[in-house]
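Trainee: I would like to learn how to read a protein model. Could we take one feature at a time?

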Amino acid sequence: MPEKNANLSDHARRVREMFAGIANRYDLLNHLLSGNTDKRWRRLVAESLQDILAGDGARALDVACGTGDLALALAKLTGAHIVGTDFCRPMLEVAARKAATNVSEIPFVEGDALSLPFADESFDAVSIAFGLRNLSSVEGGLKELWRVLKPAGRVAVLEFSRPVVPGFRALFQFYFTRVLPKLGGMISGSRGAYEYLPDSVSRFPDQKQLAVMMREAGLEEVEYQNLTGGIAALHLGTRPRS
Ligand SMILES: C[S@@+](CC[C@H](N)C(=O)[O-])C[C@H]1O[C@@H](n2cnc3c(N)ncnc32)[C@H](O)[C@@H]1O
């Protein structure tokens with residue numbers, strides 16, 4: 001067991017260092033390498049939580065918030081009280097600068113998604129975008145999202161997934177595994193980070209498996225929507241009322 005824990009913290013340390021190394025170029029690369037599609041995907045996440053955040057005093061947590069784009073989209077669309085959390089300080093510093101520029105009062109709190117620094121049942125909605133795949137335990141991450149959600153609260157998971165049309169899948173795989181690491185590496189100066197990306201996606205459950213895992217984590221009304229042919233998927237689930 002101690003050996004396993006040592007491995008887990010080593011994984012976390014490597015992931016944190018990797019994001020720290022690309023924090024200042026992360027947004028540019030995201031928008032460039034996805035042709036701005038990432039912005040549309042995050043807006044869809046915000047729209048999927050709009051109704052549940054419509055009430056007075058509604059609160060949402062964006063986990064593994066990185067440079068804060070989803071937290072900002074949620075704040076802009078819903079007007080709810082949004083909190084962002086991530087364990088990589090340089091990513092949070094970029095997020096805080098953007099929030100200040102947008103005159104948005106979002107607290108960005110340093111914290112580990114596997115041990116969130118928030119009380120049980122604190123939020124009406126919890127989101128995680130391109131974060132779950134990076135955790136050393138997907139099950140552990142889902143368990144924490146569930147814990148901080150209020151009963152009847154909703155979780156939204158945006159993550160890379162498996163393109164559903166075979167020809168398109170092959171084309172995308174070529175771009176994702178051959179072109180993107182070279183381009184991303186050249187622009188960010190960290191080829192490793194953009195090799196890690198397709199590698200981590202290949203190890204992550206596909207859309208159907210993730211839906212099963214969310215149900216196993218205790219969520220109900222689990223459903224998903226393929227985005228851009230399944231390059232990404234948006235999964236939603238609800239914590240039971242009791
Ligand atoms: C690909 S970025 C996604 C950032 C942002 N959600 C977005 O949509 O652009 C992944 C983020 O997950 C964070 N992360 C990875 N593992 C984490 C963990 N165990 N706890 C908290 N944050 C974590 C990284 O620091 C990084 O900011």
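Mentor: Start with exposure: a residue counts as exposed when its relative accessible area is over 50%, and as buried when that value is under 20%. Keep in mind that this is a predicted model.

Trainee: Is Asn-24 buried or exposed?

Mentor: Asn-24 has a relative accessible area of 67%, so it is exposed. As for its place in the chain, Asn-24 sits in the loop between H1 and H2.

Trainee: Which residues is Asn-24 in contact with, leaving aside its neighbours within four places in sequence?

Mentor: Contact here means heavy atoms within 4.5 Å. With those neighbours set aside, Asn-24 is in contact with Val-94 and Arg-97. The side chains of Asn-24 and Arg-97 are joined by a polar contact of 3.4 Å. Val-94 shows how sequence and space can be read side by side: 70 residues separate Asn-24 from Val-94 in sequence, while their C-alpha atoms are 7.1 Å apart.

Trainee: How would I read that kind of contact for the whole chain?

Mentor: Take the contacts between residues at least 6 apart in sequence, and ask what share joins residues at least 24 apart. In this chain the share is 71%.

Trainee: What does the radius of gyration say about the chain?

Mentor: The value is compared with that of a compact globule, which for 242 residues would be near 18 Å; the chain has 17 Å, so the two agree. The C-alpha trace spans about 45 × 40 × 40 Å along its principal axes. Buried residues account for 52% of the 242 residues. As for secondary structure, the chain has nine helices and seven strands.

Trainee: How many residues surround the ligand, and which are the closest?

Mentor: There are 19 around the ligand, and the closest are Tyr-26, Ala-64, Asp-86, Ala-113 and Ala-129. By type, the shell divides into 12 nonpolar, four polar and three charged residues.

Trainee: Which atoms of the ligand lie by polar side-chain atoms of Tyr-26, Arg-42 and Asp-112?

Mentor: For Tyr-26, an oxygen atom of the ligand lies 2.7 Å from a polar side-chain atom. For Arg-42, the partner is an oxygen atom of the ligand at 2.9 Å. For Asp-112, a polar side-chain atom lies 2.9 Å from a nitrogen atom of the ligand.

Trainee: How much of the ligand's accessible area does the protein cover?

Mentor: On its own the ligand has 590 Å² of accessible area, and the protein covers 97% of that. The elements that give two or more residues to the shell are helix H1 (2-22) and helix H2 (26-33).

Methods. Residues are numbered from 1 along each chain as its sequence is written. This is a predicted model: local features need pLDDT of at least 70, side-chain atom pairs count only at pLDDT 80 or more; totals for chains, interfaces and linings use all residues. Side-chain values use heavy atoms; hydrogens and water are left out. A residue is near a molecule or strand if one of its heavy atoms lies within 4 Å of it. A polar contact is a pair of N or O atoms within 3.5 Å; within protein, one must be able to donate a hydrogen and the other to accept it, and residues adjacent in sequence count only if both atoms are side-chain atoms. Accessible areas come from the Shrake-Rupley method with a 1.4 Å probe; for residues, only the protein chains shown count as cover. Helices (H or I, at least four residues) and strands (E, at least two) are DSSP runs, numbered from the N terminus. Ala, Val, Leu, Ile, Met, Phe, Trp, Tyr, Cys and Pro count as nonpolar, Asp, Glu, Lys and Arg as charged, and the others, Gly among them, as polar. The radius of gyration is taken over C-alpha atoms; the globule rule is 2.2 Å times the number of residues to the power 0.38. Buried means under 20% relative accessible area, exposed over 50%, partly exposed in between (1.4 Å probe, protein chains only).
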